[in-house]
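User: Please take a close look at the part of this model that surrounds the ligand, and set it in the context of the backbone elsewhere in the chain.

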Amino acid sequence: MRSKSCDIFCNVVDNYGDIGVCWRLARQLANEHGLNVRLWVDDLRSFGKLCPELDVALDGQRCRGVDVRHWSATFPSVEPADLVIEAFACRLPQTYVEAMAAREPKPVWINLEYLSAEDWVEGCHKLPSPHPSLPLTKYFFFPGFTEKTGGLLLERDLLVRRDAFQGDAGAQERYWRSLGVPEREAGEVRVSLFSYENEAMEALLRGWELGEQPVTCLLPEGRSLPQVASYVGQQVGKAGAIWQRGNLRVHVLPFVEQERYDELLWACDVNFVRGEDSCVRAQWAAKPFIWQIYPQHDGVHLAKLEALRERYTAGLPPEAAQAVRDLWLAWNGGQDIAEAWKRFELQRETLATHGVEWARRLAINNIALNLLDFFRQVA
Ligand code: TRH
């Protein structure tokens, strides 16, 4: 029997989350489930940051088992796939939609939505949306944190690889050496810091600088780098820079491919993450984490932040739940981050134990498997 085919469409709106999610899903469907996957991406440059082996000048290329196509304004005439996934409600080319309507059997058409821990997601997951004029139905597919949602992106062997890495001091040492980061000192805390520009940045860095413990901050190049550079009195910074102020040492890291970023999250004691995909990866890393949500103008992001915080802290001892609450809020527009960090730091051990159990619970709901089950039901 011929393998099923899948077209994934990704319009890169901003940052790396859109392509980060699509690239993971494409590789999983191709390499773990044997589908012939074509990934259409309108911005190969952003994609190239996550996947350095990509040749951004090519319109079509095979990369890690996926047929990667540049999605340009003039869309070629192609046979639509059995499964069509439009990521985050991006608009499919009109000619492609018409070809879907003309195809028999019709493709299964999915709109893969953004991740949210809010309750309403369960009611909207898998809802059909008939096309206004063509004989086609599109289905909403919502990732999420409960069994009535589509679940989360999780590679088949990820948690086994994580456990092997976290249980192997030599592997971690080699990893740190590869980044030019020296061995840990006694009592040192290692923190990865992937964030947007943040009003609380200066107070956080000052708290670390003046704090009692040495803090090593691993800072990937990107949007928060200018703020950190200016805090340590530099005009600019780039990968390889090392800055020391009081008890704070910053190592600026290059933006690395997704697998290496996972290792950073596994190797650190605490992870600051942002957006959607790195937030999920921090949960798989099972270390205490702080989420900076992607800000939206109307403020709706704060409800989303609270929804995940409430789920994640349910069942924690009150002081640990409170510490998470205070630090997450302080990092998302609130106050007193240095104090909130101190209280969070005291709960590190409790949160690390909780993180392992939390990841274990989430791991039973895998979005790639759920998508394929749904595809088989509807096709
Ligand atoms: O880049 P982001 O801010 O993307 C955002 C969010 O997804 C947001 O929800 C969305 O609405 C907006 O884009 C348009 O954050 P996110 O989602 O964590 O994506 C970052 C990706 O980059 C993720 O796949 C991890 C990856 N990454 C690396 O591969 N290497 C690195 O060195 C780093 C720091 C990240």
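Analyst: Helix 1 gives the most to the shell around the ligand, contributing three residues. The model is a predicted one, and the distances below should be read with that in mind. Helix 1 (17–32) is joined by helix 9 (258–267) and helix 10 (277–285), each of these helices supplying at least two residues of the shell. In total 22 residues surround the ligand, and the closest of them are Y196, V256, R274, D277 and S278. By character, the residues of the shell divide into ten nonpolar, six polar and six charged.

Turning to individual contacts, a backbone N or O atom of V256 lies 2.5 Å from a nitrogen atom of the ligand. For D277, a polar side-chain atom lies 2.5 Å from an oxygen atom of the ligand. At G17 the partner is again on the backbone, where an N or O atom lies 2.9 Å from an oxygen atom of the ligand. Around these contacts, the protein covers 97% of the 700 Å² of accessible area that the ligand has on its own, and the ligand sits in the largest pocket.

The backbone deserves the same attention, beginning with the loop between helix 10 and strand 14, where A286 is found. The phi of A286 is near 65°, a positive value in a residue other than glycine, and A286 counts as buried because its relative accessibility is 5%, under the 20% limit. Most residues other than glycine have a negative phi, and most peptide bonds are trans.

A positive phi also occurs at D336, a residue other than glycine, with a value near 55°. D336 lies in the loop between helix 12 (318–331) and helix 13 (337–346), and D336 counts as exposed because its relative accessibility is 58%, over the 50% limit. As for the peptide bonds, E104 and P105 are joined by a cis bond whose omega is about -10°, and P105 is found in the loop between helix 3 (94–102) and strand 6 (108–112).

One further loop residue completes the account: H297 lies between strand 14 (289–292) and helix 11 (301–313). With a relative accessibility of 90%, H297 is over the 50% limit and therefore counts as exposed. The C-alpha atoms of H297 and I242 are separated by 35 Å, these residues being 55 residues apart along the chain.

Terms used: Residues numbered from 1 in each chain as written. Predicted model: local features only at pLDDT ≥ 70, side-chain atom pairs only at ≥ 80, totals over all residues. Heavy atoms only, no water. Near = heavy atom within 4 Å. Polar contact = N/O pair within 3.5 Å; in protein donor to acceptor, adjacent residues only side chain to side chain. Areas by Shrake-Rupley, 256 points an atom, 1.4 Å probe, with all protein chains shown as cover. 1 Å grid on protein atoms, 1.4 Å probe; cavity = no way out; pocket = protein on both sides within 12 Å on 5 of 7 lines; lining within 4 Å. Sits in = over half its atoms within 2 Å of the grid points. Helix = DSSP H or I, 4+ residues; strand = E, 2+ residues; numbered from the N terminus. Nonpolar A, V, L, I, M, F, W, Y, C, P; charged D, E, K, R; others polar. Buried < 20%, exposed > 50% of the residue type's maximum accessible area, 1.4 Å probe, protein only.
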